[in-house]
Amino acid sequence: TVEEFLPGSAHVVSARELAATRGLHCQPAEAPVVAEQRAGHLSPAMLRSAVLSWLREHVVDVRVADVREVTATADVVLWDGTAARFDSVVVAAGAWTPALAADGHGLRTKRIQYAVYPGTVPGLGAFVDENSGLYGCVYDEKSLLLGRSTDEWDVSPSRVIVDPELAAGVGVAAAALFLLASAALVPTRMCTAADCYVVSGGLRLRPVPSTEQVFTFTGGSGGAAKTVLAASRQAADRLLDDQ
């Protein structure tokens, strides 16, 4: 699929070549490695800002406000007490989506944690190591942004706190992958959160139970930033067709 849409971008390399050019020392040494020249990091925050700017420039009314409540009849109540009624409201609830979509739709929450670690790895790009679960990229000239997949499912998004043991495990895995001293890989900044994942499918517009005008998006399994524009277009077409 990658070859079809980005010809020449992805190719298989040896673990030895990867160690020499990217500083990643895979274990086991015979592990298959796929390098993608045009892959990398996509900032959801920058994408969101760009979309909102585009909307404002194309005569769309964009309002920024703190919302206290969305009612079943599509009333939006702000924290200052003012309210407005809309034909339809779509709530992007993130990790709180399973609670909003009462029937679940196969949604589950999961812990996400990553941190900034001191260190440099010449030639390193964005990477995912499926063997150790480690992922990351260069954060700045003197540090790396690293995380590791977890098996902590069905967490409460409002009660997730930093897990120091998980951060320490990331440091140990990174030391083996980069051939660095594990004692030096002590996080300087840590961030933990939760996200919503769906068993299959991806971003889907769903009606909120017991309402007729309120909708939400089911989870995008971590890659939603790359599909959200297409999913939003489909959702808008559906909402306009229903009017």
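These legends walk through a predicted model, one close-up at a time.

**Figure 1. The whole protein, before we zoom in.** The model is a predicted one, and its secondary structure comes to six helices and 13 strands. Measured out along the principal axes, the C-alpha atoms would fill a box of roughly 60 × 40 × 35 Å. Of the 243 residues in the protein, 33% are buried. Take the contacts between residues at least 6 apart in sequence: 61% of them join residues at least 24 apart. On the outside, the protein exposes about 15,500 Å², with carbon and sulfur atoms supplying 55% of that area. As for charge, there are 20 positive and 27 negative ones, and the mean positions of the two sets are 3 Å apart.

**Figure 2. Phe127 meets Phe178, ring edge to ring face.** The structure holds two aromatic pairs, and here is one of them: Phe127 and Phe178, with 5.8 Å from centre to centre and 85 degrees between the planes. Where do the two partners, Phe127 and Phe178, sit along the chain? Phe127 belongs to strand S8 (residues 127-128), while Phe178 belongs to helix H5 (residues 164-178). That puts them 51 residues apart, so to speak a link between distant parts of the chain. Is Phe127 buried or exposed? Phe127 is buried, because its relative accessible area is 8%, under the 20% cut-off. Phe178 is buried as well, at 5%.

**Figure 3. Trp153 and Tyr197 make an edge-to-face pair.** Why does this pair of Trp153 and Tyr197 count as edge-to-face? The planes of the two rings stand at 75 degrees, and an angle over 60 degrees is what edge-to-face calls for. The ring centres of Trp153 and Tyr197 are 5.9 Å apart. This pair, too, links distant parts of the chain: Trp153 lies in the loop between strand S10 (143-148) and H5, and Tyr197 lies in strand S11 (residues 189-198), 44 residues apart. Trp153 is partly exposed, with a relative accessible area of 33%.

**Figure 4. S3 and S4 fold into a hairpin.** Strand S3 (residues 67-70) pairs with strand S4 (residues 75-78) over three bridges, in the antiparallel sense. Look for Val70, which stands opposite Val76 in S4. Four residues come between the two strands, and in the turn Ala74 has a positive phi of about 70 degrees.

**Figure 5. S4 also makes a hairpin with S5.** Strand S4 is joined by three bridges to strand S5 (residues 83-85), and the two run antiparallel. Here Val77 is the residue to find, standing opposite Ala83 in S5. Which residue of this hairpin takes a positive phi? That would be Gly81, with a value near 95 degrees, in a hairpin that has four residues between its strands.

**Figure 6. Arg204, in a loop between two strands.** Arg204 lies between S11 and strand S12 (205-207). Arg204 is partly exposed, with a relative accessible area of 40%. Which residues does Arg204 contact, leaving aside its neighbours within four places in sequence? Thr216, Phe217 and Thr218 are the ones in contact with Arg204. Ala181 makes a handy landmark for a last look: Arg204 and Ala181 are 23 residues apart in sequence and 44 Å apart in space, C-alpha to C-alpha.

Note on methods: Residues numbered from 1 in each chain as written. Predicted model: local features only at pLDDT ≥ 70, side-chain atom pairs only at ≥ 80, totals over all residues. Heavy atoms only, no water. Phe/Tyr/Trp six-rings, centres within 6.5 Å; stacked < 30°, edge-to-face > 60°. Buried < 20%, exposed > 50% of the residue type's maximum accessible area, 1.4 Å probe, protein only. Pairing = 2+ DSSP bridges. Contact = heavy atoms within 4.5 Å. Areas by Shrake-Rupley, 256 points an atom, 1.4 Å probe, with all protein chains shown as cover. Lys, Arg positive; Asp, Glu negative; His and termini not counted. Charge placed at Lys NZ, Arg CZ, Asp CG, Glu CD.
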